[in-house]
Every structure is written in C-alpha cells, then in structure tokens.
Amino acid sequence: MVLVKEVLEVLNRLSPFELQEPWDNSGLNLGSENDEFSRIIACLEITLNIALNAPQNALIIAHHPLIFKPLKTLNYEAYPGNILKILIQKNISVISMHTNFDKTHLNKYFAHTLLGFDNLTEKGLMLMKEGVNMEFDALLERIKSSLGVGKLACAKGSQIIKDLAFVCGAGASMFSSLKAQTCLVTGDVKYHDAMIAQSLGISLIDATHYYSERGFALIVAEILHSFDYLVTIESFKNPLQII
C-alpha cells in the first residue's frame, strides 16, 4: 500500500498548495500524511453516497474542501458532519484541490477545452481573451452549445463584446476589475451583481458552478494515471435543477 503523503507530494508539485487563495482550505482535509490508502477516488464534491460507497482506507481527492469554514460543532445529522462521521469511521483520507487547481488546471480546462477559446492570458484567478469583438447573442449561443444546455442566466451589458474573462466556479464578484464591453463567464451570478455589471457596460454569463468545474475528476485522474496511480472517478450530479 502507498502513503497519502506520496500522492500529496505529486499533487503539490503539479499544483502547489501555496497558490491557493488566503480564504481557501486546499490540502489534506482529513487523515494523516502517513496513512496508507487502498484506492484513490476523484470527485468534484464528496457526497453522502460517495462516502457510503467508498472502501475502507480510501483516499478521496475532491475539488471543494469538505471542511471549508471553521467548525464549532460537528452535527452528524447535517452536512458536512454526516459525511465526516462516515469517512472517519472508515479511515478515509481527504485531499482538496481547490483554488490552487483552479489557477493551474481547471480554469484553463473550462475556457479552452470546454468552451474552445485560445490565446488566453492570466489575471489572478481569471483568464482573459482580448479582442474577440463578438456579438453578445452569438457568444451566448456558443457557450450554451459547448456546455450542452438550452438556457443560461445572463446579463447583457453591451451588444458587442470586445474582451472575455473566465472564472470557473463562483467568480461573479470579480467583474468590478473589468472594463466596459467585457463579458465575464463564470458561475453563481447574484442578482445585484448583474444589476451593477449592466450599469457599467459589463456582461455576465452564468455557466453555473457545476458546469464550469465538472471536469475536475477527469483531469486529476489523467494526471495521476501518468504517475501509475489507478483512480476511480465518481460522478456528481448538479444539486440545482431547472424544472
């Protein structure tokens, strides 16, 4: 059996944990670096079903930290306590690859591999593409087609889009650093963010938190396969449904 710290070291070389945002909690969320593991599981989010189905002594690599904010109590009846109880009982270790992985891998996957944009430049957590000069409606249709969805929430700040910005996950609050006639493609756009952005001539397209990050497990599995680790990918359905 292999130690958790060996996988942790590989992940840290490819996506250094020091790159995470100050408010983040990437790294070893549960367990010990010196624990041995029986199997690696990669997932976007650790759900109750994933915890129940995971074998004893597994190592789960998730995008979102299971322990994000400081816990004052551990309620076994509610998330995340209900999941943590099972993981602890089964001696399962958890590594989170969150904003560090956004910067090194996931945002590029979202903007380039999934949406098909190239010649991107980095600006903090954002990726930028300048000089696109597209009509907003055409851009929206392209993104819907790339994601395979029929509808997306959006706020049109201008008909012509000169520049694009991409942030996987929840990056709508970053629009304030953008110029007019820029469109930010991200997830979790809030009502008042949309109002303010429109007033500044900035457009927002909500690609949803789920769709912008659903490639996480596949990327991690491919990376670890190249180091001869076998990885099981656990799928995760969007908890938010449009009915």
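1. Start with two helices that meet in this predicted model. The axes of helix α4 (residues 99-114) and helix α8 (residues 216-225) come within 10 Å, and they cross at roughly 115°. That angle makes α4 roughly perpendicular to α8. As for handedness, α4 passes α8 in a right-handed crossing. If you wonder which two values to note for a pair like this, packed helices are described by the angle between their axes and the distance between the axes.

2. Now look at strand β12 (residues 163-170). How many of the eight residues of β12 are buried? Seven are, so the strand is largely enclosed by the rest of the structure. One of its partners is strand β8 (residues 126-129), which pairs with β12 in the antiparallel sense over three bridges. To find that pairing on screen, go to Leu-127, whose bridge partner in β12 is Phe-166.

3. β12 also pairs with β13, this time in the parallel sense and over five bridges. A handy landmark here is Leu-164, which stands opposite Cys-183 in β13.

4. Carry on from β13 (residues 182-187) to β14: four bridges join the two strands, which run parallel. Here Leu-184 stands opposite Leu-204 in β14. To get from β13 to β14, the chain goes through helix α6 (residues 191-199), and this β-α-β crossover is right-handed. It's worth tracing that path yourself.

5. β14 has another neighbour to check. Strand β10 (residues 153-155) is joined to β14 by three bridges, and these two strands run antiparallel. Ala-155 stands opposite Leu-204 in β14. So Leu-204 is a good place to zoom in, with Ala-155 facing it from β10 and Leu-184 facing it from β13.

6. Which way do the side chains of β14 (residues 203-206) point? Ser-203 and Ile-205 point one way, Leu-204 and Asp-206 point the other way, and all are buried. This fits a general pattern: in a regular strand the side chains alternate between the two faces of the sheet.

7. Last, the cysteines. How many disulfides does the count come to? Zero, with a bond needing two cysteine sulfurs within 2.5 Å. Take Cys-43: the closest cysteine sulfur is in Cys-168, 16 Å away, so that is too far for a bond. For Cys-168, the closest cysteine sulfur is in Cys-183, at 16 Å, and again that's too far. Cys-43 counts as buried because its relative accessibility is 0%, and Cys-168 counts as buried at 4%.

Technical notes. Residues numbered from 1 in each chain as written. Predicted model: local features only at pLDDT ≥ 70, side-chain atom pairs only at ≥ 80, totals over all residues. Heavy atoms only, no water. Buried < 20%, exposed > 50% of the residue type's maximum accessible area, 1.4 Å probe, protein only. Pairing = 2+ DSSP bridges. Right-handed = clockwise from strand over helix to strand, strands pointing away. Axes fitted to C-alpha atoms, helices over the stretch in contact; angles between N-to-C directions. Parallel < 35°, antiparallel > 145°, perpendicular 65-115°, else oblique. Left-handed = near helix turned anticlockwise from the far one by under 90°.
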